[in-house]
Amino acid sequence: MRKYFGTDGIRGRANGLITPDLALRVGQAAGLIFQRGDYRHRVIIGKDTRLSGYMIENALVAGFTSVGMDVLLLGPMPTPAVAMLTRSMRCDLGVMISASHNPYEDNGIKLFGPDGFKLNDDVELEIEALIDSDLTQRLSGSATLGRAKRIESADARYIEFAKRTLPRQLDLEGMRVVIDCANGAGYKVAPEALWELGAEVMKIGVEPNGFNINHDVGSTAPDALINKVRELRADIGIALDGDADRVLIVDEKGQKIDGDQLMGVVARSWKDDGRLTQSGIVATIMSNLGLERYLGGLGLDLVRTAVGDRYVLEHMRAHGFNLGGEQSGHIIMSDYTTTGDGLIAALQLLAVVKRLDKPVSEVCHCFEPLPQVLKNVRYKSGAPLQESSVVQAIEAGRERLGASGRLIIRPSGTEPVIRVMAEGDNSDLVNLVVDDVVDAVTRAASKVAA
């Protein structure tokens, strides 16, 4: 059992779970574990635009410097940029302060190893053990404390890196692009990269004030982008989330294109170019059955993992895949990045659109999704999924859907919510199954709370 780490680092209410004391101890614990040689060790820290980022950043700096690590501060920076710069700047550890798509009241701490990949479960357990231990005797002496400094060139480094994922001769001249940065970590670098590539760029969600990250903007609230694309008659809309590691696309008609469609487009393009390292891609149990059938028609496999981009990436690394992701828009292209990167995924899609010289609506709607319904049940405590009535409802639902559908029930890894998802060819049946399971879970959750 893990006390602090969830499926994507440590995440919770700022000054609730994520306190300055916890951040300081995370810095000390991680700093001690990643000191693995006789040299000056360095950690790089980025953050999104939440007000609490200042508090957590300073506490982490105190923790790392107290155990002798030098700290490089990036300021607001996408999560994938932190991962990339951890490797590029030869750091021993990378840290991103963000709660991704959550509201501003929450925050989190994500850690990357020197290779730019998220830490595995074993290392996170080591850090947890140290967080709760007495580290007094392991602090540095006065002469060996770490130093901290700000890196002013971080934006330019990441922008250049993102641009170089495209063919040298390709540009975005003539394309009208609306970019929604969710008032988050990508609000500077994403519009700048698109502009430098020649696009006509219209920006929304680029005025962070500490409180408005993900608020009615970004990939989890696409209505603002849809309206702006239609208003300006743009060729494409691109929405990032709070830390810019996921993306949602809107075509010129204002229709949403999720991660499944995006993976389908890129998979076909890379297959045609001989760029896929395996005969398939990796996605999660939440990806639509329509994607699986579409890939099958191309002679490609869809390998499914548990929900979470870390599990997608683990399977990709273990089995040699170079494309994977989640329906939510975490797209991992391991030829370029070690984690999901919303901007680079969008650039790869734009490259396909430019090469085919077709509207985004024609390029990106490559399969018809099966009817899929997802509902969330919030609970206060206990384990409602273990109640016999819930188990029976789930078994009955799966039997009714049969081989032509799927029923997925899972607790969220980041909040006290149980997600109920079903899909199949019959829309009415899918809705009935989801409603029956949701009712059973809701009753069980109320019973546990009482």
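## Two residues with positive phi

At 10% relative accessibility, Asn 214 counts as buried. This is a predicted model. Asn 214 sits in the loop that runs between strand E9 (200-204) and helix H7 (223-232). Its phi is positive, about 65°, although Asn 214 is not a glycine. Most residues other than glycine have a negative phi.

Arg 233 also has a positive phi without being a glycine, here about 55°. Its loop lies between H7 and strand E10 (236-240). Arg 233 is exposed, because its relative accessible area is 71% and the cut-off for exposed is over 50%.

## Ser 100 and its surroundings

Asn 214 turns up again among the contacts of Ser 100. UniProt, in an unreviewed entry, places the feature "modified residue: Phosphoserine" at Ser 100. The residue belongs to the loop between strand E5 (93-97) and strand E6 (106-112).

Is Ser 100 buried or exposed? Ser 100 is buried, because its relative accessible area is 2% and buried means under 20%.

Which residues does Ser 100 touch, not counting residues up to four places away in sequence? Ser 100 touches Arg 11, Arg 50 and Lys 110. It also touches Asp 48, Asp 241, Asp 243 and Asp 245. Asn 214 and Gly 242 complete the list.

## Asn 322, a buried loop residue

Asn 322 is in the loop between helix H10 (309-319) and strand E15 (323-325). Asn 322 counts as buried, with 2% relative accessibility. A polar atom of its side chain lies 2.9 Å from the backbone oxygen of Arg 275.

Leaving aside residues up to four places away in sequence, Asn 322 touches Trp 270, Arg 275, Leu 276 and Thr 277. Its other contacts under that rule are Met 316, Ile 332, Met 333, Ser 334 and Asp 335.

## Helix H6

Helix H6 covers residues 189-196. Its buried residues are Val 189, Ala 190, Pro 191, Ala 193 and Leu 194. They pack against two helices, H5 (154-163) and H11 (342-356). They also pack against strand E8 (176-180), E9 and E10. After H6 comes Gly 198, with a positive phi near 105°.

## The largest pocket

The largest pocket holds about 1200 Å³ of space. It is lined by 38 residues, and those closest to its centre are Arg 246, Gln 327, Ser 328, Gly 329 and Leu 374. By class, the lining has 19 polar, ten charged and nine nonpolar residues.

Which elements each supply at least two residues of this lining? They are strands E11 (247-251), E12 (256-257), E17 (372-378) and E18 (405-411), together with helix H8 (259-273). E17 gives the largest share, three residues.

## The cavity

How many cavities of 30 Å³ or more are there? The count comes to one. About 60 Å³ of space lies in the largest cavity.

Phe 5, Thr 7, Asp 8 and Gly 9 are part of its lining. So are Ile 109, Lys 110, Leu 111, Lys 118, Leu 119, Glu 124 and Arg 310. E6 provides the largest share of this lining, three residues. The lining divides into five charged, four nonpolar and two polar residues. Lys 110 links two parts of this report: it lines the largest cavity, and it touches Ser 100.

Definitions and conventions
Residues numbered from 1 in each chain as written. Predicted model: local features only at pLDDT ≥ 70, side-chain atom pairs only at ≥ 80, totals over all residues. Heavy atoms only, no water. 1 Å grid on protein atoms, 1.4 Å probe; cavity = no way out; pocket = protein on both sides within 12 Å on 5 of 7 lines; lining within 4 Å. Points joined across faces, edges and corners; volume = space filled by probe spheres on them. Helix = DSSP H or I, 4+ residues; strand = E, 2+ residues; numbered from the N terminus. Nonpolar A, V, L, I, M, F, W, Y, C, P; charged D, E, K, R; others polar. UniProt positions renumbered as here; feature names shortened; annotations may be inferred. Buried < 20%, exposed > 50% of the residue type's maximum accessible area, 1.4 Å probe, protein only. Contact = heavy atoms within 4.5 Å. Polar contact = N/O pair within 3.5 Å; in protein donor to acceptor, adjacent residues only side chain to side chain.
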